[in-house]
Amino acid sequence: MLLRLGSFSPPFTKPSPLFFFLTKTPSFFIHYTPISPPKPLHFHHSLNPTSCFAPRKLPFTRFHQFCTCSALSNKPFSQNPPLSNRNMKKARRESPQGVLLYKLGFCSKSKNLVEALRLYDEAKMNGVVLGVDHYNVLLYLCSLGLEGFAELGLERGFEIYKGMRVENVGPNEATFTSVARLAVMKEDPEMAFGLVKEMKSRGLLPKLRSYGPALFGFCGKKMADKAYEVYAHMVGLGVVAEEDEIRALLKVSVEVRNVDKVYEMLHKLRVTTRQVTEESAAVVEEWFGSMCAAEVGEENWDVAKIKEGVVTGGGGWHGQGWLGKGEWKVVRTEMDENGVCRCCREKLVSIDIDPRETANFSTSLTKLACEREVKAGFLQFQEWLQRHGPFDAVVDGANIGLSNQQSFNFSQVNNVVKQLRDISPSKKSPLVILHRSRVVGGPALNPRNKKLLEDWKKSGALYSTPPGSNDDWYWLYAAVSCRSLLVTNDEMRDHLFQLLGTSFFPRWKEKHQVRITVSREGLKLHMPPPYSIVIQESEQGSWHVPTVTGDDLEVPRQWLCATRSAMPLNSGKPGNKFKVTKPLSQLF
């Protein structure tokens, strides 16, 4: 009697007679008729591999679901159905490679280099094939320079990287970054830079972190020219440096007395960072307190050229180089409510935003919102806004209603609405954005709150966002498209706002965000400052650098004020008078 292993059949309550035949018959007496081309038998993983019909401690009612024999028929031999995605993922997790990656992940979280290396050695001994993810975890741990294990990590790191190349495992960006860190650990930034160049030749796009080892390595060795070369390579590939990288370049420029690069990096810091950390402020203070800074500068400058530079740049800087000579006076100070320095009495300016940038930002915001929200719902809001807008102010209702409150407070929102309506030139109510759940249940059922909601709806000043939506997209879009004030205490730092980039959005927020404080004296609106909180270079050559210390609400922000000890009020030669014929925002 010829038998074959059939497809899985539904469970039955009574064993088939064939079962007793098969379980008592040696496996070499059981045959199947191969159909061209021959197909191998497949057995469930729960079966003993040494005997295809021996169950692994499974009861019969479970076992026969996987191995049911039937009499040979004329139908072709059928393979087992393919594994589902869920079972395939489970199989990968339970494979030797999956188990190893799981254990290495724990080592990475706990910074346990010794255990990770033990797992690696054990895997190589057992012939486990490693992939790029395994190698990346190992190289990352080796490159951390853990206290007491730096030498071990350095030695084994290069050994593991060499083995990876021998096994022809293709490296990715994370691989090159970890090896570049290892190169800097052995004080070889040239090798680290070479690895970044190799990434480009392999078609891999370096990230900012990829350049860090080479850049910081060269800066640490005071190899300024090589550091500038790394920076130029970054710029060429569109990688934007952040404060840490610019601070390192600024510091090495100060150390090698490259005055032009110091000037350039200060302006890079102005564009990239706006408010600097205490570490960066210390480097700036070091520069202005040096003899080199006292000696450099133009004594007779063209006033018209300086003014032209200010207008072209949008205000707050001219970019024409150091002005004046003599020692600098560097102090920590504050600005008054009008933006006047309490030290030198110079008034800071409000730097204009190009209307084209605002329009482009609005378009980008719409695209992102439609990708992450229900498109029909957001488009419906845009149409509603066109019919009822524009508004002078937009209120983030959820944030304001919960500010300094244990539960949502409609009266607090209404207080903000009244204050904004009173100061509005058009006396129009601001737009309040609330999620629909806020207007149909909870405190909204209170009769007094119901009346407030009805009043806002009648005046066209309330929009409730649909269920499942993120109301942040709605109030932000409304404020940008209406070019209005935005009332919220949200710092707008989470992943949603990070999608908007670091160039335009912080400038826009600074000029449009209104924050509130609630105290015993009542609710107070804090309007945007009449000046830009950014590094400013005056027409007289002085500098004002804002720090992150202070928030201008409860604690005044700390600024660095750098002026020449004997800074004249009107230095330089008159030159030709420069007449501004258009508003700053329309000149570029």
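Start by selecting Phe 149, in the loop between helix 6 (132-142) and helix 7 (150-166); helices are DSSP runs of H or I with at least four residues, strands are E runs of at least two, and both are numbered from the N terminus. Residues are numbered from 1 along each chain as its sequence is written. You're looking at a predicted model, where local features need pLDDT of at least 70, side-chain atom pairs count only at pLDDT 80 or more, and totals for chains, interfaces and linings use all residues, while side-chain values use heavy atoms, without hydrogens or water.

Phe 149 is partly exposed at 35% relative accessible area (buried is under 20%, exposed is over 50%, partly exposed is in between, with a 1.4 Å probe and protein chains only). Add Val 114 and Leu 152 to the selection: with Phe 149 they make a nonpolar surface patch of about 220 Å². Patch members have over 30% relative accessible area and no salt bridge (a Lys or Arg side-chain nitrogen within 4 Å of an Asp or Glu carboxyl oxygen), with nonpolar side chains (Val, Leu, Ile, Met, Phe, Trp, Tyr) joined within 5 Å and like charges within 9 Å. The areas are Shrake-Rupley values with a 1.4 Å probe, and for residues only the protein chains shown count as cover.

Next, cysteines. How many disulfides does the structure hold? Zero, a disulfide being two cysteine sulfurs within 2.5 Å. Cys 142 is buried at 2%. Cys 344 is partly exposed at 28%, and its closest cysteine sulfur, in Cys 341, is 3.7 Å away, too far for a bond.

Finally, pick Thr 333 in strand 3 (residues 328-333), buried at 8% relative accessibility. Leaving aside neighbours within four places in sequence, its contacts (heavy atoms within 4.5 Å) include Cys 341, Cys 343, Trp 559 and Cys 561.
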